[in-house]
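Work through the exercises below with the coordinates open. Each task is followed by a stepwise solution.

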Amino acid sequence: MSERDASSGSAALTVALVGPTHPFKGGVAAHTTTLAHELSEAGHEVTLVSWSHLYPSALYPGEQSVPGGAPDVEPFPRTLRVLSWARPDTWLRTGRRLRDVDVIVVVHVIPAVVPAHLALLRAAGAGRRTASGHGPRTILIAHNVLPHESHPGARQLVESLVERVDAVVVHSDEQARLAMTLGAHHVRQLDLPPHLPGGDPEPRVANDADTASTPVRVLALGIVRDYKGVDLLVDAVRDVPGIHLTIAGELWGDAGRTVRDLANDPRVAGRVELHPGYVPADRIAGLLAQHDVMALTYRTATASQNVLLAHKHGLPVLATTVGTFPEQIRDGVDGLLVPPGDRGALVEALRRLAEPGVTEALRSAVRPPDLSGPWANYVGGIEALAAAPLGPVDGADSEGGGAGLRLGPVARAKATVAGIRARRRPVVEIAPGDIPSRVRATDVLALDSDAVDAVAIARELGLPRPGEPVAAWAALGALAAVVRIRDDGHRSSVIVDESGSGSPLGRWARAVGFAPVELELTGQRAAVAVLDIDTASLDVITRLHPGGCTASDVDVAIGQASWALRSGGLLILTLPIGDDDPDFAVRPADVRGILARADDLGLRLVGDADGDVLDRMRDARAEATGDDAPVYAMLRLTFRRR
């Protein structure tokens with residue numbers, strides 16, 4: 001944080017985001033541009049520092065710019081295209097201009113660009129800050145720590161970069177381990193958030209896949225490179241007459257020539273169609289609407305947004321068990337998973353897809369992806385890394401004060417202050433990637449099995465005994481949100497938990513290394529009102545079952561959080577769902593009003609209420625009207641302070 005922000009109490013940062021953007025094409029440019037938008041929307045002052053010439057042509061045989069000039073995602077207005085791979089003077093001049101920013105976020109693309117990044121960081125006075133703390137903090141976003149195809153000297157170049165920066169962000173556990181082996185000092189694994197080109201889905205072009213005579217339409221989308229295994233897919237299609245395969249993307253080098261040769265095999269005549277060349281954003285929705293399944297038969301992978309892209313457009317996915325695919329696809333439910341490089345398993349999966357009714361059943365189970373929650377997680381992770389590391393809570397005294405938080409006389413009598421004492425080492429080590437992706441910050445509980453599943457996950461993670469399953473479900477989602485969004489790796493977030501002793505959240509938070517303030521209040525639930533705290537001084541406020549909010553006091557909780565939370569802080573609460581008591585339970589129509597009031601006060605929902613949340617609320621209410629209905633249906637909402 002700059003001295004200017006520290007003195008004013010603002011948590012806003014000045015951020016220089018160094019990476020590719022339009023007119024460069026591809027997922028990395030789209031991700032970088034969307035990240036700039038999201039950081040700016042979160043209240044930070046962002047400059048996107050980009051390139052006029054990024055790659056040596058010999059290392060990128062394809063077309064570097066978007067054909068026709070139409071951007072894949074909305075360009076970021078504050079963009080400076082001042083860097084050139086072939087002009088070292090631009091590296092130094094740009095670095096000197098960045099000396100006064102709070103944080104430099106560098107997007108690592110290929111090892112050949114590492115010298116430019118190192119020169120820029122040195123000129124900015126950044127990278128592995130000195131004990132005096134001078135210079136901007138530095139965060140490296142590594143989409144691939146090392147390239148898919150090995151190059152001489154690549155490992156040494158990347159080692160020199162990851163050793164210099166304060167933190168490295170990766171998108172899978174495997175990449176996190178690799179970054180550590182290369183000497184990274186602090187590695188944070190964050191799920192790759194959606195940065196999807198192509199706009200809204202178009203009406204699906206019908207295909208009667210319920211008859212054996214109608215082929216199932218499979219799409220392989222994107223650049224054809226060896227590690228993507230498109231050649232394996234074409235080879236397997238030879239043995240499955242009921243499959244029609246479309247390959248849409250640039251055909252690179254030897255991998256492209258191999259796919260062309262395989263597509264000319266008489267055994268796939270008329271069943272493999274090539275659309276060589278880059279697929280611009282305005283063609284993607286129409287192309288997906290003409291197919292039944294997306295195929296991602298990679299030999300190796302780190303993270304990809306193509307599963308989310310397919311699910312957004314209602315397509316199930318056939319993929320290999322590499323990278324993040326097993327976490328994104330429910331095998332046999334909304335897609336099929338096969339081992340990488342296993343031709344027999346791939347042929348069997350294609351034969352299963354060709355069976356009447358199978359693709360329709362998989363498609364009916366596809367859920368629209370959450371497009372906003374993952375970005376809140378991602379931006380929160382960047383913010384936590386951008387903040388200076390904090391040690392134990394300063395200023396703790398016999399009354400449990402610290403970090404701008406002091407207990408008033410009423411709260412002292414009823415607060416559990418054990419969590420505010422000197423911070424102890426965690427007894428349970430949990431990283432963001434350890435909590436399954438199905439545990440969402442904003443979610444609906446209507447099935448006993450979901451609560452039981454939360455208890456099982458808690459046990460697998462090694463958390464203390466969770467107690468009552470519904471409380472475990474509420475607390476697990478809250479813990480996931482805190483770890484994913486507000487943790488800087490030092491467990492320094494200031495948490496006030498108003499959930500009461502029936503919730504396991506406080507015990508779990510202490511077990512993983514946080515020091516929460518747990519409040520057990522009687523009468524009107526207004527915890528932060530009886531705490532003597534500074535405005536914008538808390539990182540997290542929770543109100544969870546069994547001491548969660550009701551329809552009558554949710555506005556009070558939102559109002560308190562609007563002044564007590566610092567920028568990027570979280571309010572996590574649970575609400576009962578139902579129709580019988582409007583002062584107690586909420587209906588889907590009520591949620592719209594709650595979200596609107598929260599937004600007016602600067603609190604944005606983490607998650608997508610326009611996805612399946614409201615539909616599942618309606619289903620829960622319908623089930624709750626029967627004689628044998630469950631005694632609960634619950635909504636968990638997570639808000640993030642702008």
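Two strands pair if DSSP finds at least two bridges between them. The model used here is predicted.

**Exercise 1. The open sheet**

Task: In what order do the six strands of the open sheet stand, and is the pairing parallel or antiparallel?

Solution.
- Step 1. Trace the partners across the sheet. The order is β10-β9-β8-β11-β12-β13.
- Step 2. Check direction. The pairing is parallel.
- Step 3. Find the edges. They are β10 (272-276) and β13 (335-338). Each has a single partner strand, so one side of each is left without a neighbour in the sheet.
- Step 4. Get the twist. Ignoring direction, neighbouring strands of this sheet are turned by 20° against each other on average.
- Step 5. Inspect one edge pair. Strand β12 (residues 317-320) is joined to β13 by four bridges. In this pair, T320 stands opposite V338 of β13.

**Exercise 2. Helices on the sheet**

Task: Which strands does helix α12 touch, and which does helix α8 lie across?

Solution.
- Step 1. Take α8 (residues 253-263). This helix lies across β9 (243-249) and β10. Its angle to β10 is about 145°.
- Step 2. Take α12 (residues 343-354). This helix packs on the sheet and touches β8 (216-221), β9, β11, β12 and β13. Its direction makes about 165° with that of β13.
- Step 3. Classify the second angle. Angles over 145 degrees count as roughly antiparallel, so α12 is roughly antiparallel to β13.

**Exercise 3. Salt bridges**

Task: How many salt bridges are there, and why does the pair of D231 and R299 tie together separate parts of the chain?

Solution.
- Step 1. Apply the cut-off: a side-chain nitrogen of Lys or Arg within 4 Å of a carboxyl oxygen of Asp or Glu. The count is 28 salt bridges.
- Step 2. Take D231 and R299. Their closest N and O atoms are 2.8 Å apart.
- Step 3. Place the partners. D231 lies in helix α7 (residues 230-237), and R299 in the loop between β11 (293-296) and α10 (306-312), so the bridge ties together parts that are 68 residues apart in sequence.
- Step 4. Add accessibility. D231 is buried at 16%. R299 is partly exposed at 27%.
- Step 5. Take R543 and D553. Their closest N and O atoms are 3.1 Å apart. R543 is in strand β20 (residues 538-543), and D553 is in the loop between β20 and α19 (554-564), ten residues apart in sequence.
- Step 6. Read the accessibility of this pair. R543 is buried at 1%, and D553 is buried at 15%.
- Step 7. Look for shared partners. D235, R238, D239, D265, R267 and R343 join into one network.

**Exercise 4. A helix pair with a salt bridge**

Task: At what angle do α14 and α17 pack, and which residues make the contact?

Solution.
- Step 1. Compare the axes. The angle is about 55°, and the axes are 6 Å apart. The two helices are therefore oblique to each other.
- Step 2. List the contact. α14 gives A376, N377, G380, G381, E383 and A384. α17 gives R484, I485 and R486.
- Step 3. Sort by type. There are three nonpolar, three polar and three charged residues.
- Step 4. Find the bridge. E383 pairs with R486, with the closest N and O atoms 3.7 Å apart. This pair links α14 (residues 373-386) to α17 (residues 469-486), 103 residues apart.
- Step 5. Check burial. E383 is buried at 7%. R486 is buried at 11%.

Definitions and conventions: Residues are numbered from 1 along each chain as its sequence is written. This is a predicted model: local features need pLDDT of at least 70, side-chain atom pairs count only at pLDDT 80 or more; totals for chains, interfaces and linings use all residues. Side-chain values use heavy atoms; hydrogens and water are left out. Buried means under 20% relative accessible area, exposed over 50%, partly exposed in between (1.4 Å probe, protein chains only). Axes are lines fitted to C-alpha atoms, for helices over the stretch in contact, and angles run from 0 to 180 degrees between N-to-C directions. Contact means heavy atoms within 4.5 Å. Angles under 35 degrees count as roughly parallel, over 145 as roughly antiparallel, 65 to 115 as roughly perpendicular and the rest as oblique. Ala, Val, Leu, Ile, Met, Phe, Trp, Tyr, Cys and Pro count as nonpolar, Asp, Glu, Lys and Arg as charged, and the others, Gly among them, as polar.
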